[in-house]
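Me: Could you take me through the helices and the core of this model, one question at a time? I would like the reasoning spelled out before each answer.

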Amino acid sequence: WRLSLRRSLEARLTAPESARKLRDDVGCAAAGAPEDRELTVCVFVAGELGLEDEDLVSLSTTRALQAIAASSEHSASARSHSLAALGKFCLRREELAKKMVEFFMCHLQSQQPLPV
């Protein structure tokens, strides 16, 4: 069931164009819209799965979370959950943690919204 869930999450996280089109079509561009809440939940679950089993973390999921964390298109909630998920991945993978130091330094600044 974990592998199936991971595949579903990857599909959702790595398809920003389709998610953006859906958001534009439905008129859900505002933060807190249903699409944004769905993304936040997917990011949270991905982080929990990655903390549970490092084999469930793929490179595409890591890159998708980095893109979400770095994007100003997403809500502060989605961005903060993606940073937390990346941190959870780093707890399980030392080599990823070493690579992510610069990313965290760039994106964890005082001018970011409080949740981030």
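**Helix faces, core and rings**

Reply: The buried residues of helix 4 are Thr61, Thr62, Ala64, Leu65, Ile68 and Ala69. Please keep in mind that this is a predicted model.

Me: Are the buried residues of helix 4 on the same side or on opposite sides, and over what arc around the axis?

Reply: The buried positions of helix 4 include Thr61, Leu65 and Ile68. On the other side of helix 4, Leu59 and Arg63 are exposed. The buried set lies on the same side of helix 4 because the residues in it cover an arc of only 165°.

Me: Which residues of helix 1 are buried, and what arc do they cover around the axis?

Reply: Helix 1 has twelve residues and spans 16 Å from its first C-alpha to its last, close to the 16 Å expected at 1.5 Å a residue. Its buried residues are Arg6, Leu9, Glu10, Arg12 and Leu13. They are placed on the same side of helix 1, since the arc that they cover around the axis is only 160°.

Me: Which helix supplies the largest share of the largest nonpolar core?

Reply: This core has 23 residues, of which Leu13, Val43, Leu65, Leu86 and Met100 touch the most other members. At least two core residues come from each of helix 1 (2-13), helix 3 (34-52), helix 4 (59-70), helix 5 (76-92) and helix 6 (94-107). The largest share, six residues, is supplied by helix 5.

Me: Which residues does Leu13 touch, leaving aside those up to four places away in sequence?

Reply: Leu13 is one of the buried residues of helix 1, and it is also among the core residues that touch the most other members. Not counting residues up to four places away in sequence, Leu13 touches Leu39, Cys42, Val43, Ala46, Thr61, Ala64, Leu65 and Ile68.

Me: How many disulfides does the structure hold, and are Cys42 and Cys90 buried or exposed?

Reply: Cys42 has a relative accessible area of 12% and therefore counts as buried. Cys90, with a relative accessible area of 13%, is buried as well. As for disulfides, the number that the structure holds is zero.

Me: Which residues form the aromatic pair, and what is its geometry?

Reply: A search of the whole structure finds one aromatic pair, and Phe103 and Phe104 form it, with 6.1 Å from centre to centre. Phe103 counts as buried because its relative accessibility is 13%, and Phe104 is buried at 18%. With 70° between the planes, the pair formed by Phe103 and Phe104 is edge-to-face.

How values were computed: Residues are numbered from 1 along each chain as its sequence is written. This is a predicted model: local features need pLDDT of at least 70, side-chain atom pairs count only at pLDDT 80 or more; totals for chains, interfaces and linings use all residues. Side-chain values use heavy atoms; hydrogens and water are left out. Rings of Phe, Tyr and Trp (its six-membered ring) pair if their centres lie within 6.5 Å; planes under 30 degrees apart count as stacked, over 60 as edge-to-face and the rest as tilted. Buried means under 20% relative accessible area, exposed over 50%, partly exposed in between (1.4 Å probe, protein chains only). A nonpolar core is a set of buried Ala, Val, Leu, Ile, Met, Phe, Trp, Tyr and Cys residues joined through side-chain atoms within 4.5 Å. Helices (H or I, at least four residues) and strands (E, at least two) are DSSP runs, numbered from the N terminus. Contact means heavy atoms within 4.5 Å. The expected span of a helix is 1.5 Å times one less than its number of residues. The arc is that of the directions from the helix axis to the C-beta atoms. A disulfide is a pair of cysteine sulfur atoms within 2.5 Å.
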